[in-house]
Amino acid sequence: MKISLWGPFQSGSVEGIANLLVTDTARLGDSSQDHVYILFNNGFGYFGEPIVLLAELYIQPMSLTVGDFNNDNYIDFVVVNSNRNILVVMFQNKNGSFQKQIILSTGDFSNPSSVVTDDFNSDGQWDLAVSNSYAHNVGIFIGVRNGTFLSQITFPTNSQSIPSAITSVDLNNDGQLDLIAIGNRLNAIHILLNTCDC
Ligand SMILES: [Ca+2]
Ligand SMILES: [Ca+2]
């Protein structure tokens, strides 16, 4: 089992309290399902039983991150489904439940492994960046205000590289967010400077 964790997660149902989002990944060939769970904080640092938000076979939820993608003030999340070459966006309802879902294709055989959200084109709307390990690129999905996304734009890393963990920061102080991805096979770090004319 592989576990990844995102927290604190501010759920709309328990405002101001940090909750946790967790994924687990079954081993390849294992017939058990992969999951995304939420664990609600009782306000004193204790967590209840995990509540399943997503459960499917062989999706390999390698990474997740959160943002309010449809601008309704309820925090949503996006999870990588590595085995299916997609990202899944799930929107939070007013009562703290989640509704499926927008599916974003990262391309055949891309095996996405890590996702980060930020506003990469400085229009005030959350966007997504994803490392597509076996496509040897980083993909950007520009967010649209109603919670949809434009088709993926890709930026190659290196044909020998397997980009994995990804994060964003303004590296050159031009006010635009840049991307940093680990290049596994090359033991390298890829830096993608943001040249958006925006
Ligand atoms: Ca939302
Ligand atoms: Ca944006």
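V116 has A129, a residue of strand 10, as its bridge partner. This pair belongs to a predicted model of a protein chain with 15 strands and zero helices. The points below go from the pairing of strands 9 and 10 to the sheet around them, and then to the chain as a whole.

**Strands 9 and 10**
- Strand 10 covers residues 127–132 and is joined to strand 9 by six bridges.
- The two strands run antiparallel.

**The four-stranded sheet**
- Strands 9 and 10 belong to an open sheet of four strands, whose order is 9-10-11-12.
- The pairing in this sheet is antiparallel.
- Strand 9, residues 112–118, lies at one edge, and strand 12, residues 153–156, is the other edge strand.
- Each of these edge strands pairs on one side only.
- On average, and with direction ignored, neighbouring strands of the sheet are turned by 20° against each other.

**The chain as a whole**
- The C-alpha trace of the protein chain spans about 45 × 40 × 30 Å along its principal axes.
- The radius of gyration of the protein chain is 17 Å, which agrees with a compact globule, because a globule of 198 residues would have a value near 16 Å.

**Burial and contacts**
- Of the 198 residues in the protein chain, 38% count as buried.
- Taking the contacts between residues at least 6 apart in sequence, 38% join residues at least 24 apart.

How values were computed: Residues are numbered from 1 along each chain as its sequence is written. Chains are lettered from A and ligands numbered from 1 in the order in which they are written. This is a predicted model: local features need pLDDT of at least 70, side-chain atom pairs count only at pLDDT 80 or more; totals for chains, interfaces and linings use all residues. The radius of gyration is taken over C-alpha atoms; the globule rule is 2.2 Å times the number of residues to the power 0.38. A residue is buried if 20 or more other C-beta atoms lie within 10 Å of its own, exposed if 12 or fewer, and partly exposed in between; C-beta atoms are placed from the backbone. Two residues are in contact if their C-beta atoms, placed from the backbone, lie within 7 Å. Two strands pair if DSSP finds at least two bridges between them. Axes are lines fitted to C-alpha atoms, for helices over the stretch in contact, and angles run from 0 to 180 degrees between N-to-C directions.
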